[in-house]
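User: Hi! I would like a close look at one helix pairing in this model, and then a walk outward from there to the rest of the structure.

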Amino acid sequence: MVRQPISRLTRPRFAAWLLVLPLFLFSAATFVVPIVMMLARSVQDPELSRAFPQTARLVAQWDGRDLPPAAVMNSFIAELRAARGTEGLSFAANRLNSEISGFRSMLLRTARTLPAAPLDDPAAALARIDPRWGERSTWAAMRRASGPLTDGFLLAALDRQRNDDGAIVRVPEERAVFVSVLIRTLWISAAVTAFCLVLGYPVAYLIASLPAKIANPLLVLVLIPFWTSVLVRTTAWVVLLQRDGLVNGLLQRLGFTDQPLALIYNRTGVLIAMVHVLLPLMVLPLYSVMKGIGRAPMLAAMSLGARPFEAFVRVYLPQSAAGIGAGCLLVFISALGYYVTPELVGGGGDQMISYFIAFYTNRTTNWGLAGALSLILLLATGLLYVAYARLSRSSAASA
Amino acid sequence: MIRSLGMRALAALSLCALMMPGAAAARDLTVVGWGGSSQAAQRQVYYGPFTAQTRIPIQEDSWSGGLGVLRTRVQAGNVTWDVVQVEADELQIGCDEGLFERIDWAAMGGRDAFMPEAVSDCGVGAVAWTVGLAYDGARLREGPASWADFWDLQRFPGQRTLRRGPKYTLEIALMSDGVPPSEVYNVLRTPAGVDRAFRRLDQIKPNIIWWTAGAQPGQLLASGEVAMAAAYTSRMYAARRDDNRDLRVVWNGSIFAVDFWVVLRGSSNRDNAMRFIQFATRPENQSRFPTLAFQGATNLQAARQGEAAVAPSLATYPDNMRVSVPLDVEFWVDNIEELTQRFNAWAAR
């Protein structure tokens, strides 16, 4: 056998692994671990059990009918007193506020005004501070948040919630946003990808078939916007597309329209700006694949009697399929995470899912919901990628 | 050759590693503002003079808000920001979460030296700013006088711009519907009040352009994209001065709030950070700020000492104060999540 050469081969391979190691460690530390931690947040629910450990355990055992027994209330009052002024109380208050709006200030006010002396009737004392302590829904919210694990954030990210009896129900119509936002995100990304393909394919074909002297300057024209900041390009579209902007001025002067068209602060503006920003990501992979095909196969097909259109569809298009796949995948997946562009040129109904992830991460620090939304976006992206991989493998097998 | 190069690189690297902790300990006092014209004004009246007087160099940074940013910094134990200008809701939650150092008010001249909205255990009021009705006097000869006019599409045709999100927008909708400023949050605390605000917004929904960055309303007014805006008033006056625009502000029904200076917990420059806050809120220094930034002084004496010509364009001017409503921070801390969801569901319909 050829044992000798193999061992000689493996040694440089080991060295190569060593060279990759810094990058591997770097991306694990700065990329993989934070992502996993953020996603884990979507099922963790530690705040309440950390601030009120005993109460959380007791309220989880409560059957959910009427009001919890006095033992729960007594333990809650004792632990609330102990938690006064600590950051754990604030975290618990934030967590409960995402169950019921207003819970945060109610809990903090209760902690502040709770008398120091022991109480004979804890339920009545709490209800005197705020009548909501006498409501079953308040305690049901505490039971839902008692942790340490929860499905509440994932349900919320799908516009579902558990009601006071623990059954899964749809959230009220006026609060249901995330499913429609997810569909909108996928839909805008798909539309942007389709437009990029239709616009980018001819450009890539043209550049690939021209002699280098003309092709290279054209390629630079594709690359310059690619190197320019997304923010700058988006802002430029604001100037171009606004009511008295260049595009509307031109359309009116040419007589296409009397009234200025609404081209921005709506879906049209989002599509125009995103297609422009992402177009290089379509053109470049297409170009590199087309450069490899060259003109010969088309010429051969035509010399064998195919008409130009037939030669293109049956010979060129299948050969450029790899470029189409790579370009579409790049554009689609980049588009899914878009945030700045829809924010600046979109309207009220054009925000994509990243907007909400940023909102819950930064503004309200509801990292559970932010993690759940990220998880759902990641899953949707992963599923689409798997579907794409299946599709391209089966089409490659049949070709 | 290669080996010696490698050795040299290694030596350089280890030298860097040796110097790193030293560099971190000697980190300059870092002050974080909100960028734009207001930070430019701060540079002129606070950062420069502070360094000149105390010989403490200041490293500047800017941010655009968000408690999550501060929380991660403090929790990671990697506090490279010392003084941060935060909004009132960030102050309140961050203070409860222990993200900020406590203020020694005696060193700041006492709580009584400041307007009551500017005093907190964790922060000292930096500026009082306003969101108000603005329009371009060059385009609207006869301007609007109230939020009710903002809704009057017959008399004032054209688009309007509001901040995307429920904050300010719901208050404005209720005031336009005849709710007096003092009653706005009482009405908004009831489910019927929230419904009423959204129903009112329905009436002009097709005519609303939503802004997100504070610079947008001025740009939208200047380009004629909108007839009226709910805008940061300071930016309107800055545009009047710098770009010679006839942007005008209606103070009736405006909403004002206070931004705070805070020191992040665990800051290695804690003492200098407190010294900076003390410097930046002293009357003789703070009184110079409104003239440049058109944002009100929080130190009562600074507010009195300020330039008389600028006073009517400030949130702190008594006539303006009388017709405006202070932002209810507790209401928004409690309700921002639910109302933001509802706002987005409404906006997409």
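Which residues in H4(A) meet which residues in H7(A)?

Analyst: Happy to take you through it. Please keep in mind throughout that this is a predicted model. On the H4(A) side, the residues are A:Ala70, A:Met73, A:Asn74 and A:Ile77, and they meet A:Pro122, A:Ala123 and A:Leu126 of H7(A). By class, six residues of this contact are nonpolar, one is polar and none is charged.

The geometry completes that picture. Two packed helices are described by the angle between their axes and the distance between the axes. Here, the axes of helix H4 (residues 70-83) and helix H7 (residues 122-129) of chain A come within 9 Å and cross at roughly 55 degrees. H4(A) is therefore oblique to H7(A), since an angle of that kind falls outside the parallel, antiparallel and perpendicular ranges.

Further along chain A, there are some backbone details to look at. The peptide bond joining A:Gly147 to A:Pro148 is cis, with omega near -5 degrees. A:Pro148 belongs to the loop between helix H8 (136-144) and helix H9 (152-157) of chain A. The loop after H9, leading to strand E1 (160-162) of chain A, holds A:Asp159. This residue has a positive phi of about 60 degrees although it is not a glycine. A:Asp159 counts as buried because 20 other C-beta atoms lie within 10 Å, and 20 is the number at which a residue qualifies as buried.

Helix H15 (residues 296-303) of chain A gives another view of burial: zero of its eight residues are buried, so the helix lies largely in the open. After H15(A) comes A:Gly305, with a positive phi near 110 degrees.

Now to chain B, where helix H2 (residues 36-54) deserves some time. Its 19 residues, at 1.5 Å a residue, should span 27 Å, and the end C-alpha atoms are 26 Å apart, which agrees. The helix also has a kink of about 45 degrees, centred on B:Arg43. On either side of that residue in the numbering, the buried set of H2(B) consists of B:Ser37, B:Ser38, B:Gln39, B:Ala41, B:Gln42, B:Tyr46, B:Tyr47 and B:Phe50. The cover over these buried residues includes strand E1 (29-33), strand E2 (58-62), helix H10 (233-243), helix H11 (270-280), helix H12 (283-286) and H13 of chain B.

Toward the end of H2(B) we find B:Gln53, which is exposed because 11 other C-beta atoms lie within 10 Å. B:Gln53 and B:Phe279 are 226 residues apart in sequence, yet their C-alpha atoms are 9.9 Å apart in space. Just after the helix, B:Arg55 takes a positive phi of about 65 degrees.

H13 brings us to another positive phi. B:Phe294 sits in the loop between helix H13 (289-293) and helix H14 (300-305) of chain B. Its phi is near 60 degrees, positive in a residue other than glycine. With 28 other C-beta atoms within 10 Å, B:Phe294 is buried.

Another residue of chain B to follow is B:Val325, in strand E9 (residues 325-326). B:Val325 is partly exposed, with 17 other C-beta atoms within 10 Å. Setting aside neighbours within four places in sequence, B:Val325 is in contact with B:Glu171, B:Pro181, B:Ser182, B:Val184 and B:Ile255.

Finally, let us see where the two chains meet. In chain B, 30 residues are in contact with 32 residues of chain A. The elements of chain B that give two or more residues to this side are helix H3 (67-75), helix H4 (88-96), strand E6 (208-211) and helix H16 (329-348). Of these, H16(B) provides the largest share, 14 residues. By class, the chain B side has 10 nonpolar, 10 polar and 10 charged residues.

One residue gives a closer view of how the chains come together. B:Arg164 lies in the loop between strand E5 (160-163) and helix H6 (169-176) of chain B. Leaving out residues up to four places away in sequence, B:Arg164 touches A:Gly348 in the partner chain, along with B:Trp210, B:Trp211 and B:Thr212 in its own. B:Arg164 is a buried residue, with 23 other C-beta atoms within 10 Å.

Key:
Residues numbered from 1 in each chain as written. Chains lettered and ligands numbered in written order. Predicted model: local features only at pLDDT ≥ 70, side-chain atom pairs only at ≥ 80, totals over all residues. Contact = placed C-beta atoms within 7 Å. Helix = DSSP H or I, 4+ residues; strand = E, 2+ residues; numbered from the N terminus. Nonpolar A, V, L, I, M, F, W, Y, C, P; charged D, E, K, R; others polar. Axes fitted to C-alpha atoms, helices over the stretch in contact; angles between N-to-C directions. Parallel < 35°, antiparallel > 145°, perpendicular 65-115°, else oblique. Buried ≥ 20, exposed ≤ 12 C-beta atoms within 10 Å, placed from the backbone. Expected span 1.5 Å × (residues − 1). Bend = angle between axes of the 7 residues up to and from the residue.
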